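Student: I should like to go through this structure by asking how each label is justified. Could we set the values against the criteria, one at a time?

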Amino acid sequence: MAEKILMKGNEAIAVSAIRNGVDGYFGYPITPQSEVMETLMKEKPWETTGMVVLQAESEVSSINMVYGGASCGKKVMTSSSSPGISLMCEGISYIAGSELPCVIVNVMRGGPGLGTIQPSQSDYTQCVKGGGHGDYHCMVLAPASAQDMYDFVDWGFELAFKYRNPVIVLADGIIGQLMEKVELRPVKPRRTEEEILRVAPWATTGKPAGRERNIITSLSLDSTTQENFNKKLLAKYESIKENEVRFSEYMTDDAEYLFVAFGCSSRICEAATDILRQEGIKAGLLRPITLFPFPEKEIARLAGQVKSIMSIELNLGQMVEDVRLAANGRCPVGFYGRQGGIVFTPEEIAGEFKKFNNLK
Amino acid sequence: MDTLDIKRPENIVYRKPALITDNVMHYCPGCSHGTVHKLIAEVIEEMGIQDKTVGISPVGCSVFAYNYIDIDWQEAAHGRAPALATATKRLCPDKYVFTYQGDGDLASIGTAEIIHACSRGENIVVIFINNGIYGMTGGQMAPTTLLGMKTSTTPYGRDAKLNGFPLKITEMLAALDGTAYITRQSVHTAAAARKAKNAIRKGFEYSHLGIGLSFIEIVSTCNSGWKLSPVEANKWMVENMFAKYPLGDIKDTSIAEKK
C-alpha cells in the first residue's frame, strides 16, 4: 500500500517537488506559504536528488531565476502569495512570451495591497486572465486538498512541458495550511542531460558544433513577426482549451440548481449541497479543476438543465464573470462571496442559496 | 600588394572572430559595443568553450547581442540578467555563464539583482558597459551620467540637487565578499582593448574556479547619445569619464587568498 503522510498543503508542494524530479526551486518568504521553502531547505534535496533550492532577494528575482532555469530546459518552480505574485507578473509575461515551461504556486491571501494573511481567492482574475502585460495565458490549476497540492506539481510540469507554457497552481491559505493525509506517489528521478536535450531541444545548454544557436527571447521588433507570434500563442491556447479542461461534478445528474466553486470553496459547497439535498432541494456542484482552460462547455450544458447557477468564491465576484459567459443567458447566474479572510460555512451558503432562489 | 594578395591567408594579420556572425550590426559607428562583442567572441573561441557558454543579454542597445555572437543566449527582462545567470549557473555548473549589461540595466533598474548575485558569490561573469547614458531609448540620464552632462532628461546638465550623484557601482560591488575579480577597462585604443580582453578572459577562467563573481566594467562611448563624432567621443571619455571612473583592477582575489 502506498505510504500516506499527514502534512500541510504547503509541505506537500515541497515533498512532491523533490519526489517528482524537480531541478530547481527559487523563492522568497511570504505568508501563508513560507513552509514550501522551509520544508525544502530542511530536506536538503541537493544532497540527494541534486535539486537546487535558493532563497532569492525578492519575488522579482525568484521568477527571473525560474526564467533562467527554464531557459536551460530544467524543471524549475517557485511559490509565493498574492503580493509576491504581483511582483512576479513581469517575469511571468516574459516566460509566457518566451514559451518556457515552469510551475508557479500562488497560495492566495486577501488583498488588495498588503491586505491580510488570511485565505482568499481574490487573485482569480490576475492569474486566469493574465496579470502581466501582453496577450498571454498561464494554465491555472486549482487544488482543493493537500493531496491535490502534491499531485498538481507533477501534473503542472507535464502540462508546462507539453505546451511550453507557464502553469500556475492557484491555491489559497486554507489549502496551503490545512493538514491532511497525502499519499506519496512513486518517485520520478530528475531528467538526465540526454533526456533534457530530447524534451527541450530549444534549451540554452551550450551550442555544440552543427546546430544553430538557441536563443530564448520574447522580443520581435517587426510587427508582422509579433502578430504571427501572437496568433501562434492563440492557437496554443485553443488547443489547451480543447484538450486539457478538467473538472469534477457532485450530484449534478438530476440537479435542478448548480453551485460552481473552485479550491477550498468547492469543498464547502459540497457540504452545502448535502444540506440542501437533505431538505429535498436538488442541488449539485461543478468544481473547475482547471481555471484556464475553463470548463465552459460543461457549464453551458448544465445551464440548460438547471433553474439557476450560483458562483461561490472567497472574493467580490471574479469567476462568476466566466460562469455567466459560459451560461450565456440559459439560466440566471448569482454570486455569493466573503472577503478579508472570512470563510463561509456550508449553512451560510445554503441560506444564501435559498435567498437567491426564493426557496423556503 | 593588390587585393588578392591581402586576402591570402599568410598575409592576414586581423580577422573577424569565427564566433562573430555575419549579421549586420545595428550599433552606431564608433560605439564600443562592437569591440567588446569581438573581445568576448575571441575569448570564447580561444578557450574552446563555445559549447559550454551561455550568454544573458539585457534590455538596452545590446538587447540584440544574441544576433552577433554564435553561442546560446537568453534575453532577460530589464535589469534581471544576474537572476537568470544565477539559476543557469547553479543548474548547469559545468557551463560558463556571463551577463552583458548596460549602465541603466545594471546600475539602475537591476541594482538589487546585481548586488545580490555579487553578495551570493555566484560563479558568473558580468560584463558591464558604462557609457553614462541610455542609448536605446534615445539618450536619457543614466545612474552613471556625470554631473553637468547633458542628456535628453537633463537638458541643462545633471544637477546633483535635482538628479543625485553619479553611481560608482563597481566600487560598491568590490566591497562585497562574494566578488572575486572587479576591474574597470575600456576599449578606446588597441592597447586598452588588449587589456580588456585579458580581463574578460580572467573573468571566464575565474568563473570555473568556484571563487565568486567576476565583474568587468568597460567605460564606453555613446557618440550618438553624447552627440559627438567617434573621435571626439573617445577624447571626451578620456578627459571626463576616466576622471570619475578610473581604469584598472579594483579587486583581484587570488585563489590562494580565497582558500
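Tutor: Let us begin with a pair of charged side chains in this predicted model. Glu99(A) and Lys236(A) meet in a salt bridge, with an N to O distance of 2.8 Å.

Student: Why is the contact of Glu99(A) and Lys236(A) called a salt bridge?

Tutor: The criterion is a side-chain nitrogen of Lys or Arg within 4 Å of a carboxyl oxygen of Asp or Glu. The pair consists of a Lys and a Glu at 2.8 Å, so the label applies.

Student: What makes this pair a tie between parts that are apart in sequence?

Tutor: Glu99(A) belongs to the loop between helix 4 and strand 5 (102–108) of chain A, and Lys236(A) to helix 9 (residues 223–243) of chain A; the parts are 137 residues apart in sequence, so the salt bridge ties them together.

Student: Are Glu99(A) and Lys236(A) buried or exposed, and how do you know?

Tutor: Buried means under 20% relative accessible area. Glu99(A) has 9% and therefore counts as buried. Lys236(A) has 11%, so Lys236(A) is buried as well.

Student: Where does Arg185(A) find a salt-bridge partner, and why is Arg185(A) called partly exposed?

Tutor: Its side chain meets that of Asp151(A) in a salt bridge of 2.7 Å, N to O. This pair links distant parts of the chain, 34 residues apart: Arg185(A) is in the loop between strand 8 (179–183) and helix 8 (193–199) of chain A, and Asp151(A) is in helix 6 of chain A. Arg185(A) has a relative accessible area of 30%, which lies between the limits of 20% and 50%, so Arg185(A) is partly exposed.

Student: What makes Arg120(B) and Glu122(B) fall into separate accessibility classes?

Tutor: Arg120(B), at 24%, is above the 20% limit but not over 50%, so Arg120(B) counts as partly exposed. Glu122(B), at 3%, is under 20% and therefore buried. The two form a salt bridge whose closest N and O atoms are 2.6 Å apart. Salt bridges with shared partners join Glu57(A), Arg90(B), Arg120(B) and Glu122(B) into one network.

Student: How many salt bridges run between chain B and chain A?

Tutor: There are five. Asp70(B) forms a salt bridge with Arg213(A), with the closest N and O atoms at 3.5 Å; this is within 4 Å, so the pair meets the criterion. Between chain B and chain A, 15 residue pairs are in polar contact, both residues at pLDDT 80 or more. Helix 3 of chain B gives the most to the side of chain B that touches chain A, with seven residues.

Student: Why is Ser82(A) called buried, and what makes its link to Asp123(A) a polar contact?

Tutor: Ser82(A) has a relative accessible area of 8%, under the 20% limit, so Ser82(A) is buried. The side chains of Ser82(A) and Asp123(A) are joined at 2.5 Å, which is within the 3.5 Å allowed for a polar contact. The Ser82(A) side chain also reaches the backbone nitrogen of Arg109(A) at 3.0 Å. Ser82(A) lies in helix 4 (residues 82–97) of chain A.

Student: How do you know that the largest nonpolar core lies between two domains?

Tutor: Domain 1 (4–195) and domain 2 (247–356) of chain A both give residues to this core, so the core lies between them. The core has 142 residues, and its largest share, 11 residues, comes from helix 6 (residues 146–163) of chain A.

Methods
Residues numbered from 1 in each chain as written. Chains lettered and ligands numbered in written order. Predicted model: local features only at pLDDT ≥ 70, side-chain atom pairs only at ≥ 80, totals over all residues. Heavy atoms only, no water. Helix = DSSP H or I, 4+ residues; strand = E, 2+ residues; numbered from the N terminus. Buried < 20%, exposed > 50% of the residue type's maximum accessible area, 1.4 Å probe, protein only. Polar contact = N/O pair within 3.5 Å; in protein donor to acceptor, adjacent residues only side chain to side chain. Core = buried A, V, L, I, M, F, W, Y, C linked by side-chain atoms within 4.5 Å. Domains from an automatic or database assignment.
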